Number of protein chains: 2
Amino acid sequence: MLDRIRIILLGTSHPGNAGGAARAMKTMGLSDLVFVNPRCEPVEGEAIARSSGAEDILHQSRTLDNLDDAIGDCTLVVGCSARSRTLPWPMISPRELSTRLPREIMRDEGEPQGRVAILFGREDSGLTNDELQRCHLHVHIQANPEYSSLNLAAAIQVISYECRQGMLAAETSADSDSEYFGVAWDRPPAAQEDVERLFVHLEQSMIRSGFHDPAMPRQLMARMRRMLMRTRLDDMEVNILRGMLSSFDKFTPPR
Amino acid sequence: MLDRIRIILLGTSHPGNAGGAARAMKTMGLSDLVFVNPRCEPVEGEAIARSSGAEDILHQSRTLDNLDDAIGDCTLVVGCSARSRTLPWPMISPRELSTRLPREIMRDEGEPQGRVAILFGREDSGLTNDELQRCHLHVHIQANPEYSSLNLAAAIQVISYECRQGMLAAETSADSDSEYFGVAWDRPPAAQEDVERLFVHLEQSMIRSGFHDPAMPRQLMARMRRMLMRTRLDDMEVNILRGMLSSFDKFTPPR
């Protein structure tokens, strides 16, 4: 899906920004880069240096002399813009763009059909009204109103990140089984019967040490339960806690 | 709310990255920056130049020589990390972090209560295991697995963007403020300095009972940390656990 998203840079002045754009794109799995009327040579020394290993994106980029050729085969054209100009235009957040992308690109159930262009303007003056009006939508990065100075590579980083998020969300709505706390865990979750034995043991050990008085229970065991239940103990953790309690039991008086 | 999010950079080598970090933060309205043991002078010429108008963030930053001082007053500690090391740790996406932040910070309906630290490691080697184990959660930017080379400023740009998104979403959804674990909680979260004292106490008590041999530590303390960090202890739970340990200490031999 990410190969159907095209980043288009209009009138770029600094080759370093071309390189930074390529790097930002590649970190998020985007690869289709087009320059329209760049005001510098975007695939040379400084651009290559700043791309920092993403020079393949630069080498396979295209340089065109008009925007219409760059967006001709696209089904959705989005312009990255500061808050709207004289004529208000439909405006979405990067997050909303991310949510729309899968259904824009995967129009039918089989092959991807759509192609999305995202336009970024000049370092100094952004996109012209004419360019903005070639867009279906404008996307606005909601930066700090007192300091909204994202450079070009930073803006592309944020938008590319959201594109990748959209794709990942579409993929994982399938399954995420073996995950526990968001990662592949090293131990299986504890069986509840073992957790219950742990609570019995804990209560006994705390009575033996004098910390817990069953005649005056207050909420002690309830708080211990709440704390250990919400942590979702794994099997080794139950064993460790029981081992620790046994090591204390060797010193405390038997009941 | 954004003023209660602290970005902590550990062992930064390049002043340019310090400046890029400040700029990325400021574009998203973050301002609390701490350097821990930087391997360069992070508030000087090249850093100022790269900050590009965000030099106020650098001038008000602090430089400390240990991580514990940097996170002591925080209620949630998050480490930005590549996929997990030997011991898996709870892992979330930047998006999930964004969703959690409002209820982490705005615990009660009135004043903000929480403070969140987000840790970024060295340019070359990231965060150490010891640093990662001081975290409640790890956050992983799901980059292109074949080219995950986000530089430090780009990673901070993405995370700061998500922090701002979280705040904007919270503002528009009015209230889910006083929620913690999805309900109104009865106790405030523990400050990290109190949690660290608990770990010191726990280790001492386990040594005295003979359960823990510091000469053969295996992963015992790491597993204890992982279990208690992910449960997000509240202040009373820390007091209960310390009280319980003290009750055992009365019986075990002093070291």
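How much area is buried between chain A and chain B? In this predicted model, the answer comes to about 5,600 Å², and carbon and sulfur atoms give 61% of that. On the side of chain A, three residues stand out: Tyr147(A), Arg230(A) and Phe248(A) supply 13% of the area that chain A buries against chain B, more than any other three residues. Counted by residues, the meeting of the two chains brings 64 residues of chain A into contact with 67 residues of chain B.

Charges and polar groups also turn up here. There are 11 salt bridges between chain A and chain B. One salt bridge pairs Arg223(A) with Asp186(B), and the closest N and O atoms of this pair sit 2.8 Å apart. On top of that, 36 residue pairs are in polar contact between the two chains, counting pairs with both residues at pLDDT 80 or more.

Which elements give two or more residues to the side of chain A that touches chain B? The list is mostly made of helices: H1 (15–27), H5 (94–105), H7 (152–172), H8 (192–208), H9 (220–230) and H10 (235–249), joined by strand E9 (183–184), each belonging to chain A. Helix H10(A) has the largest share, with 9 residues. Sorted by type, the residues on this side of chain A come out as 31 nonpolar, 19 polar and 14 charged.

Now for the inside. In soluble globular proteins, nonpolar side chains tend to be buried together. Here, the largest nonpolar core has 88 residues, and the members that touch the most others are Phe120(A) and Phe120(B). With neighbours within four places in sequence left aside, the contacts of Phe120(A) include Ile7(A), Ile8(A), Leu9(A) and Leu10(A), as well as Cys80(A) and Leu127(A). Leu152(A), Ala155(A), Ile156(A) and Ile159(A) are in contact with Phe120(A) too. A second core, separate from the largest one, has 40 residues, among them Leu228(A), Leu241(A), Ala190(B) and Leu241(B).

One last stop is Ser125(B). This serine lies in the loop between strand E6 (116–120) and helix H6 (129–132) of chain B. Why does Ser125(B) count as partly exposed? Because its relative accessible area is 48%, which falls between the 20% limit for buried and the 50% limit for exposed. A polar contact of 3.5 Å links the side chain of Ser125(B) to that of Asp124(B). Gly11(B), meanwhile, is 114 residues away from Ser125(B) in sequence, yet their C-alpha atoms are 9.6 Å apart in space.

Methods
Residues are numbered from 1 along each chain as its sequence is written. Chains are lettered from A and ligands numbered from 1 in the order in which they are written. This is a predicted model: local features need pLDDT of at least 70, side-chain atom pairs count only at pLDDT 80 or more; totals for chains, interfaces and linings use all residues. Side-chain values use heavy atoms; hydrogens and water are left out. Contact means heavy atoms within 4.5 Å. Buried area is the accessible area (1.4 Å probe) that two parts lose on being put together, summed over both. A salt bridge is a side-chain nitrogen of Lys or Arg within 4 Å of a carboxyl oxygen of Asp or Glu. A polar contact is a pair of N or O atoms within 3.5 Å; within protein, one must be able to donate a hydrogen and the other to accept it, and residues adjacent in sequence count only if both atoms are side-chain atoms. Helices (H or I, at least four residues) and strands (E, at least two) are DSSP runs, numbered from the N terminus. Ala, Val, Leu, Ile, Met, Phe, Trp, Tyr, Cys and Pro count as nonpolar, Asp, Glu, Lys and Arg as charged, and the others, Gly among them, as polar. A nonpolar core is a set of buried Ala, Val, Leu, Ile, Met, Phe, Trp, Tyr and Cys residues joined through side-chain atoms within 4.5 Å. Buried means under 20% relative accessible area, exposed over 50%, partly exposed in between (1.4 Å probe, protein chains only).
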